[in-house]
Amino acid sequence: MNLTDTVAVITGGGTGIGRATALALAAAGAGGVVVTYSKSAAEAESVAAELPCRALAVRSDVSDDAQVRALSSLVHSEFGRVDVLVNNAATTYRVPHEDLDGLTDEAFGRVLDVNVLGPFRMARAFAPALRESRGAVVNIASIAGFRAGGSSIAYGVSKAALMQLTRNLAVALAPEVRVNAVAPGTVATRWQTDLHGEEGFQRRAAAERESVPLKQTAAPEHVAQAVLGLLAMDLVTGETVILDGGKHVVY
């Protein structure tokens, strides 16, 4: 895919991986970028103002189908096309895996609603535009979808389901639209510091680097690099790229 003058929609685009992806797409020649947010309004507006192309920050909750469909209509009216969809918005609850009673049905359902049904709603709403442009979707999954780790059982299950959704959508939207995913390991973002605190995250990241073959902690820009790499691979669909510095090969 040649990204020159393309239009991209990035959910959860105001911070971390979403922000880095928006910047990378604009730098690669995108003519329009829409970053969505549910809470981080100031951050999303800042990203839109920073981009060297036409950009919008739009409040849209992926757990609300009416808002998702309204977003699709807005993007169509403003830009007339959509070439790239990056499903990055996600949520979690920090619940120890052994604390089964601590993970309520309500919390489990909320995580699945945002992390699995959210990307499905987005793909469904934007499918006609993506088919017309022969576009591509990239879902942001997690290494937690491959192994029994992560912030909670619900989060790991949701990311495993998102990778299966990626494969199913790759078939459902073919041949016009390619659908792939990136599964990061530890990434230095606000998500991590919110879960572990700044000092706690730094300790965890330093300890992890000792066992990671590449001896690095991923930055949001590394994930954005993988997103753009998948967009450039015109004959790859239904795949998930693990981005964890090689840690998964020595688990």
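On helix H2 of this predicted model, the outward side is easy to pick out: Ala42 and Ala49 are exposed there. Turn the helix round and you find its buried residues, Ala44, Val47 and Ala48, within the stretch 41-50. Looking down the axis of H2, these buried residues fall within an arc of 100°, so they line one face of the helix. That buried set packs against helix H1 (16-27) and against strands S2 and S3.

Helix H3 can be read in the same way. It covers residues 65-79, 15 residues in total, and reaches 21 Å from first C-alpha to last, close to the 21 Å expected at 1.5 Å a residue. Which residues of H3 are buried? They are Val68, Leu71, Ser72, Val75 and Phe79. Down the axis of H3, the buried residues fall within an arc of 100°, so one face of the helix is lined by them. Ala66 and Ser77 are exposed, on the face of H3 turned away from that buried side. What lies over the buried residues of H3 includes three strands, S1 (7-10), S2 (32-37) and S3 (54-59), along with helix H4 (105-133). S2 and S3 therefore turn up twice, since the buried residues of H2 pack against them too.The two ends of H3 have details of their own. At the N-terminal end, aspartate 64 acts as a cap, with a side-chain oxygen 3.0 Å from the backbone nitrogen of alanine 66. Just after H3, glycine 80 takes a positive phi of about 80°. Phe79, one of the buried residues of H3, also has a charged partner: the charged end of arginine 54 sits over the ring of phenylalanine 79, 4.5 Å from its centre. As for aromatic pairs, the count comes to zero.

Past H3, in the loop between H3 and strand S4 (84-87), comes aspartate 83. Is aspartate 83 buried or exposed? Its relative accessibility is 4%, so aspartate 83 counts as buried. The side chain of aspartate 83 is joined to that of arginine 81 by a polar contact of 2.5 Å. Leaving out residues up to four places away in sequence, aspartate 83 touches Met1, Thr6, Val7, Leu130, Ser133, Gly135 and Ala136.

Now for two threonines. Threonine 21 has its place in helix H1, and at 0% relative accessibility it counts as buried. A polar atom of the threonine 21 side chain lies 2.8 Å from the backbone oxygen of isoleucine 17. Setting aside residues up to four places away in sequence, threonine 21 touches Ile10, Val86, Ala224 and Val227. Asparagine 88 is 67 residues from threonine 21 along the chain, and their C-alpha atoms are separated by 9.5 Å.

Threonine 15 sits in the loop between S1 and H1. With a relative accessibility of 25%, threonine 15 counts as partly exposed. Which residues is threonine 15 in contact with, once neighbours within four places in sequence are left aside? The answer is Ser40, Glu43 and Arg190. Between threonine 15 and glycine 109 there are 24 Å in space, C-alpha to C-alpha, and the two are 94 residues apart in sequence.

That leaves some backbone oddities. Most residues other than glycine have a negative phi, and most peptide bonds are trans. Here are two residues with a positive phi that are not glycine:

| Residue | Phi |
|---|---|
| Aspartate 5 | near 65° |
| Lysine 215 | about 55° |

Where do these two lie? Aspartate 5 is in the segment before S1, and lysine 215 is in the loop between helix H7 (198-209) and helix H8 (220-232). Aspartate 5 is exposed, with a relative accessible area of 56%.

The peptide bond from alanine 174 to proline 175 goes against the trans habit as well: it is cis, with omega near 5°. Proline 175 is found in the loop between helix H5 (153-172) and strand S6 (178-184).

Notes. Residues are numbered from 1 along each chain as its sequence is written. This is a predicted model: local features need pLDDT of at least 70, side-chain atom pairs count only at pLDDT 80 or more; totals for chains, interfaces and linings use all residues. Side-chain values use heavy atoms; hydrogens and water are left out. Helices (H or I, at least four residues) and strands (E, at least two) are DSSP runs, numbered from the N terminus. The expected span of a helix is 1.5 Å times one less than its number of residues. Buried means under 20% relative accessible area, exposed over 50%, partly exposed in between (1.4 Å probe, protein chains only). The arc is that of the directions from the helix axis to the C-beta atoms. Contact means heavy atoms within 4.5 Å. A polar contact is a pair of N or O atoms within 3.5 Å; within protein, one must be able to donate a hydrogen and the other to accept it, and residues adjacent in sequence count only if both atoms are side-chain atoms. Rings of Phe, Tyr and Trp (its six-membered ring) pair if their centres lie within 6.5 Å; planes under 30 degrees apart count as stacked, over 60 as edge-to-face and the rest as tilted. A charge sits over a ring if NZ of Lys or CZ of Arg is within 6 Å of the ring centre and within 35 degrees of the ring normal.
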